[in-house]
Amino acid sequence: MPHVITEPCIGVKDTACTEVCPVDAIHGTEESEQYFINPDECIDCGACTSVCPVEAIFPEEDLPENMKHFAAKNAAFYK
Ligand code: SF4
């Protein structure tokens with residue numbers, strides 16, 4: 001199960017996570033309101049979770065109930 005970026009990232013888009021990801025699985029565009037994790041590239045190392053200043057990143061299985069829809073939102077960015 002990949003890691004997932006959730007609501008606190010919206011409007012923040014701190015780049016700390018992109019700098020620590022060993023497989024370059026985190027992306028966004030200037031237009032995107034947040035960053036996203038590619039579920040096919042994430043190796044679940046967890047490095048991004050502790051560096052996120054707004055604690056927006058969770059393992060998919062630990063997503064809070066009100067953030068579960070972000071799993072599909074992250075994946076949709078890569079469709
Ligand atoms: S858990 Fe690891 S591999 Fe997955 S997005 Fe975060 S830093 Fe990258």
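This passage walks through the fold, the packing, the ligand shell and two loop residues of a predicted model.

Starting with the overall layout, the chain is built from three helices and four strands. Followed along the sequence, these elements come in the order β-α-β-β-α-β-α. The radius of gyration works out at 11 Å, close to the 12 Å that the globule rule gives for 79 residues, so the chain is as compact as a globular protein of that length. Along the principal axes, the C-alpha atoms fit a box of roughly 25 × 25 × 25 Å.

Next comes how the chain packs. Buried residues make up 37% of the 79 in the chain. Among contacts with a separation of 6 or more, 68% are between residues 24 or more positions apart. On the outside, the chain exposes about 4400 Å², and 51% of that comes from carbon and sulfur atoms.

The largest nonpolar core holds 13 residues, and those touching the most other members are Ile5, Ile26, Ile37, Cys48 and Ile57. Leaving aside residues up to four places away in sequence, Ile5 touches Ile26, Gln34, Tyr35, Phe36, Ile37, Ala56, Ile57, Phe70 and Asn74. Another core, of five residues, lies apart from the largest one, and includes Val4, Leu63, Met67 and Ala71.

As for the ligand, the residues around it are His3, Cys21, Pro22, Val23, Ile26, Ile37, Cys42, Ile43, Asp44, Cys45, Gly46 and Cys48. Sorted by class, this shell has nine nonpolar residues, two polar ones and one charged one. Ile26, Ile37 and Cys48 turn up both in this shell and in the list of core residues that touch the most other members.

Two loop residues are worth a look for their backbone angles. Asp24 is not a glycine, yet its phi is positive, at about 55°. Asp24 sits in the loop between α1 (16-20) and β2 (26-27). With a relative accessibility of 48%, Asp24 counts as partly exposed, because the exposed class requires over 50%.

Glu55, also not a glycine, has a positive phi of about 50°. The loop that holds Glu55 runs between α2 (47-51) and β4 (57-59). Here the relative accessibility is 62%, so Glu55 counts as exposed.

Definitions and conventions: Residues are numbered from 1 along each chain as its sequence is written. This is a predicted model: local features need pLDDT of at least 70, side-chain atom pairs count only at pLDDT 80 or more; totals for chains, interfaces and linings use all residues. Side-chain values use heavy atoms; hydrogens and water are left out. A residue is near a molecule or strand if one of its heavy atoms lies within 4 Å of it. Ala, Val, Leu, Ile, Met, Phe, Trp, Tyr, Cys and Pro count as nonpolar, Asp, Glu, Lys and Arg as charged, and the others, Gly among them, as polar. A nonpolar core is a set of buried Ala, Val, Leu, Ile, Met, Phe, Trp, Tyr and Cys residues joined through side-chain atoms within 4.5 Å. Buried means under 20% relative accessible area, exposed over 50%, partly exposed in between (1.4 Å probe, protein chains only). Contact means heavy atoms within 4.5 Å. The radius of gyration is taken over C-alpha atoms; the globule rule is 2.2 Å times the number of residues to the power 0.38. Accessible areas come from the Shrake-Rupley method with a 1.4 Å probe; for residues, only the protein chains shown count as cover.
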